[in-house]
Amino acid sequence: LPPLSESHSATHYKVGLVNIPFYLASDTGHTLLERRPDLDFVLLYSFNANDVRCSLRARKGGVDVSEFAAFLGGGGHKEAAGFTMNGDDFYAMFLA
């Protein structure tokens, strides 16, 4: 993942990865962040026929996940963002 802006001093993050139906991503992301204070943010993903749809969730005042989403061709807000990518690329970047 890309380095974040200078407003964040850390370059490594503890990220929760969850494969879940996309319609459950928002609520699940927020619940996971509440229950796992050790995580910096969560990446929830759902495989489609040709790609992977991804949702990023972060705590208020925490990591700006929109920077990650923009780097990967998506968009969003500081605490909620998303992107879509090819399944092979997703596997290589996040699961390999």
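Guide: A residue counts as buried under 20% relative accessible area, as exposed over 50%, and as partly exposed in between. The model discussed here is predicted.

Visitor: Is Lys14 buried, partly exposed or exposed?

Guide: The relative accessible area of Lys14 is 42%. Buried requires a value under 20% and exposed a value over 50%, so the class that applies is the one in between. Lys14 is therefore partly exposed.

Visitor: With which residue does Lys14 form a salt bridge?

Guide: The closest N and O atoms of the pair are 2.9 Å apart, and the partner of Lys14 is Asp38. Lys14 lies in the segment before strand 1 (15-19), whereas its partner lies in the loop between helix 1 (25-35) and strand 2 (41-47), so the pair ties together parts that are 24 residues apart in sequence. The partner is itself partly exposed, with a relative accessible area of 34%. The residue asked for is Asp38.

Visitor: Which residues are linked in a network of salt bridges?

Guide: The whole structure holds two salt bridges. One joins Lys14 to Asp38, and Asp38 also meets the side chain of Arg36 at 2.7 Å, N to O. Arg36 is partly exposed, at 35% relative accessible area. The network thus consists of Lys14, Arg36 and Asp38.

Visitor: How far from Asp64 is the nearest side chain of opposite charge?

Guide: Asp64 is located in the loop between strand 3 and helix 2 (65-71), and is buried without a salt bridge. A salt bridge needs a side-chain nitrogen of Lys or Arg within 4 Å of a carboxyl oxygen. The nearest side chain of opposite charge belongs to Lys78, and its distance is 5.4 Å.

Visitor: With which side chain does the side chain of Asp64 make a polar contact?

Guide: Although buried, Asp64 has no salt bridge. Its side chain does make a polar contact, at 2.5 Å, and the partner is the side chain of Ser66.

Visitor: What pattern does the protein follow along the sequence?

Guide: The protein has three helices and five strands. Of its 96 residues, 34% count as buried. Read along the sequence, these elements follow the pattern β-α-β-β-α-β-β-α.

Visitor: Which are the edge strands of the sheet?

Guide: The five strands form an open sheet with mixed pairing, in the order 1-2-3-5-4. An edge strand pairs on one side only, and this holds for strand 1 and strand 4.

Visitor: In strand 5, which residue is the bridge partner of Cys54?

Guide: Strand 3 (residues 51-58) and strand 5 (residues 80-86) are antiparallel and share seven bridges. Along this pairing, Val52 stands opposite Met85. For Cys54, the bridge partner is Phe83.

Visitor: How many residues lie between strand 4 and strand 5 in their hairpin?

Guide: Strand 4 (residues 75-76) pairs with strand 5 in the antiparallel sense over two bridges. In this pairing, Gly76 has Ala81 as its bridge partner. The number of residues between the two strands of the hairpin is three.

Visitor: What accessible area does the nonpolar patch with Tyr91 have on the surface?

Guide: Tyr91 belongs to helix 3 (residues 87-95). The other members of the patch are Leu17, Phe47 and Leu95. Together, the four residues have an accessible area of about 370 Å².

Terms used
Residues are numbered from 1 along each chain as its sequence is written. This is a predicted model: local features need pLDDT of at least 70, side-chain atom pairs count only at pLDDT 80 or more; totals for chains, interfaces and linings use all residues. Side-chain values use heavy atoms; hydrogens and water are left out. Patches are made of residues with over 30% relative accessible area and no salt bridge: like charges are joined within 9 Å, nonpolar side chains (Val, Leu, Ile, Met, Phe, Trp, Tyr) within 5 Å. Accessible areas come from the Shrake-Rupley method with a 1.4 Å probe; for residues, only the protein chains shown count as cover. Helices (H or I, at least four residues) and strands (E, at least two) are DSSP runs, numbered from the N terminus. Two strands pair if DSSP finds at least two bridges between them. Buried means under 20% relative accessible area, exposed over 50%, partly exposed in between (1.4 Å probe, protein chains only). Lys and Arg count as positive and Asp and Glu as negative; His and the chain ends are not counted. A polar contact is a pair of N or O atoms within 3.5 Å; within protein, one must be able to donate a hydrogen and the other to accept it, and residues adjacent in sequence count only if both atoms are side-chain atoms.
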